[in-house]
Amino acid sequence: MASRGPHEKLKMTRYRSTFLALLALPAFAAAQSVTAESAIVMDSSSGKVLWSKNADKELYPASTTKIMTTLLLLEHCKPDDVIVAPMDVTKVRESSMHLKPGERVRAEDMVYALMLRSANDGCYAVACHIAGSVEKFADMMNARAKEIGCTHTHFDNPNGLNDPLHYTTAHDLALIGREAMKYPAFRNIVRTEKTKISRGTNWKDLWMVNHNKILKRDPTCDGIKTGWTIPAGHCFVGSASRQGWRVITVVMKSKSWENDTETLFNWAFGMYRKHDEVSEGQSVAQVPLAGAPVQNVPATVAEDAYTLVAKNQKPSSAQQVVVAPALSAPISRFQQVGQLVIHDADGFAQSVPLIATQDVPANAAAVTAKAGGTGGKWLLCLGLMGGGIYLRGRTRKKTLRVLRSYPFR
């Protein structure tokens, strides 16, 4: 085959550049119209970033801070736990539920006060109830942020009142919002427009009204939290569910947080479609075991998983089973035995837990040799395609409804 001349190569380069530019137009249009200084769009299920603008710039979060405060409240308290307002609660400034010193409020009512009313005094009461002080609660907030994967966040108070040592980024806020939205209780709270709470003394101030105005005009919007101070500007962590999947959006220092958020919602759902990869309970692998009467234990995925595909592209993905190292009997049914790693067309990888479908007792007669080094046992390759399993076109069916064991949500 004859090689292309210099003029032909130049023409091909121009065609390629034009094609790539056309593919980038939707993202470019979104970037041009979003007024926020920092913004991001993230797939809620996988955590994949679909679009961003200055997403790692450290900025003041204002009341979007309360997502983390509420997350810790849900994780450390039961709904009927009673939170007692500290004696100095009236010192807390700005947005308030008008707590009286010593007033008693159930945790279930307090979460609505935090997320709908954006009660700064409620946050102070929660911090003191859970940790004993704002300083210790801030340490808990920062530790939880690191667990979630935040890398540019430092919380110094539970409510977001301006503080030079209190900052985060759009990317970190999206991670925090995504984590909180895993809790059914939290999802129910943030999509509520208005509710009446019970409280100890201030019976004239019972109605909590959501500051999120998008809830009224967009039925697909289901959260999450507004924020505003003069230094922070208008901030919003948003969530919307359409076509069977959810996005998390963040805008910080926005001139029009409602319009920016709707722009990002519409861009994401207009640009991508959901492609189902595996279904909860789907049989995926035979996982090898040592010291057992059987050589393998059947494993299924513990939850549904999908990839997002640009609407002008065909689905393309690879799946790889990663087995827990030195896995041996006994094994209990529903015990995690590995992960299914799904790679999409962009190279983004997400992991789904693999669980055993049956109990496997230990084999008393078996002698398990401890081979030197277990690193090579991590990957179990099913198929002959470079360590990945390609399952395109395969018929899938749910073989088992897997029981889940989650913390209180």
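**How many Å³ of space lie in the second largest pocket?**

Let us begin with the ground rules. This is a predicted model, in which local features need pLDDT of at least 70 and side-chain atom pairs count only at pLDDT 80 or more, while totals for chains, interfaces and linings use all residues. Residues are numbered from 1 along each chain as its sequence is written, and side-chain values use heavy atoms, with hydrogens and water left out.

**Exercise 1. Work out the space in the second largest pocket and find what lines it.**

Step 1. The second largest pocket holds about 450 Å³ of space. A pocket is an open set of points on a 1 Å grid over the protein atoms alone, where a 1.4 Å probe fits, with protein on both sides within 12 Å along at least five of seven lines. Its volume is the space filled by probe spheres set on the points, which are joined across faces, edges and corners.

Step 2. Lining residues have an atom within 4 Å of a point. There are 25 of them here, and Ala62, Ser63, Gly227, Trp228 and Thr229 are the closest to the centre of the pocket.

Step 3. Now group the lining by element (helices, H or I, have at least four residues and strands, E, at least two; both are DSSP runs numbered from the N terminus). E7, E8 and helix H9 (257-271) each give two or more residues. The most come from E7, which gives five.

**Exercise 2. Lay out the five strands of the open sheet and find its edges.**

Step 1. The order is E2-E1-E9-E8-E7, with antiparallel pairing. Two strands pair if DSSP finds at least two bridges between them.

Step 2. Look at the ends of that order. Strand E2 (49-53) and E7 each have a single partner strand, so one side of each has no neighbour in the sheet.

Step 3. On average, neighbouring strands are turned by 5° against each other, direction ignored.

Step 4. Zoom in on one pair. Strand E8 (residues 233-242) and strand E9 (residues 245-254) run antiparallel and are joined by eight bridges. One bridge partner to look for is Ser254 in E9, which goes with His234.

Step 5. Add a helix. Helix H6 (residues 170-180) lies across strand E1 (38-43), E2, E7, E8 and E9, at about 35° to E1. For such angles, axes are lines fitted to C-alpha atoms, for helices over the stretch in contact, and the range is 0 to 180 degrees between N-to-C directions.

**Exercise 3. Describe the surroundings of Ile224 and the bond before it.**

Step 1. Ile224 sits in strand E7 (residues 221-229).

Step 2. The peptide bond from Gly223 to Ile224 is cis, with omega near 15°. Most peptide bonds are trans. For another cis bond, go to the one from Ala329 to Pro330, with omega near 5°. Pro330 belongs to the loop between strand E14 (318-323) and strand E15 (336-343).

Step 3. Contact means heavy atoms within 4.5 Å. Beyond its neighbours within four places in sequence, Ile224 has contacts that include Ile67, Met181, Phe186 and Phe236.

Step 4. Place Ile224 in a nonpolar core (buried Ala, Val, Leu, Ile, Met, Phe, Trp, Tyr and Cys residues joined through side-chain atoms within 4.5 Å). The largest such core has 62 residues, and Met68, Leu73, Met110, Phe186 and Ile224 touch the most other members. With eight residues, H3 gives the most to this core.

**Exercise 4. Buried or exposed: decide for Glu94 and Ser118.**

Step 1. Use the cut-offs: buried is under 20% relative accessible area, exposed over 50%, and partly exposed in between (1.4 Å probe, protein chains only).

Step 2. Glu94 is in the loop between strand E3 (82-84) and strand E4 (104-106). Its relative accessibility is 62%, so Glu94 counts as exposed.

Step 3. Ser118 is in the loop between helix H3 (107-117) and helix H4 (120-131). Its relative accessible area is 3%, so Ser118 is buried.

Step 4. Check the backbone too. Most residues other than glycine have a negative phi. Glu94 has a positive phi, near 65°, and Ser118 also has a positive phi, of about 65°.

**Exercise 5. Find a residue in helix H4 and follow its contacts.**

Step 1. Take Ala125, which is in helix H4. Ala125 counts as buried, at 0% relative accessibility.

Step 2. Leu99 is 26 residues apart from Ala125 along the chain, and their C-alpha atoms are separated by 8.9 Å.

Step 3. Setting aside neighbours within four places in sequence, Ala125 is in contact with Ile83, Ala85, Pro86, Leu99 and Met110.
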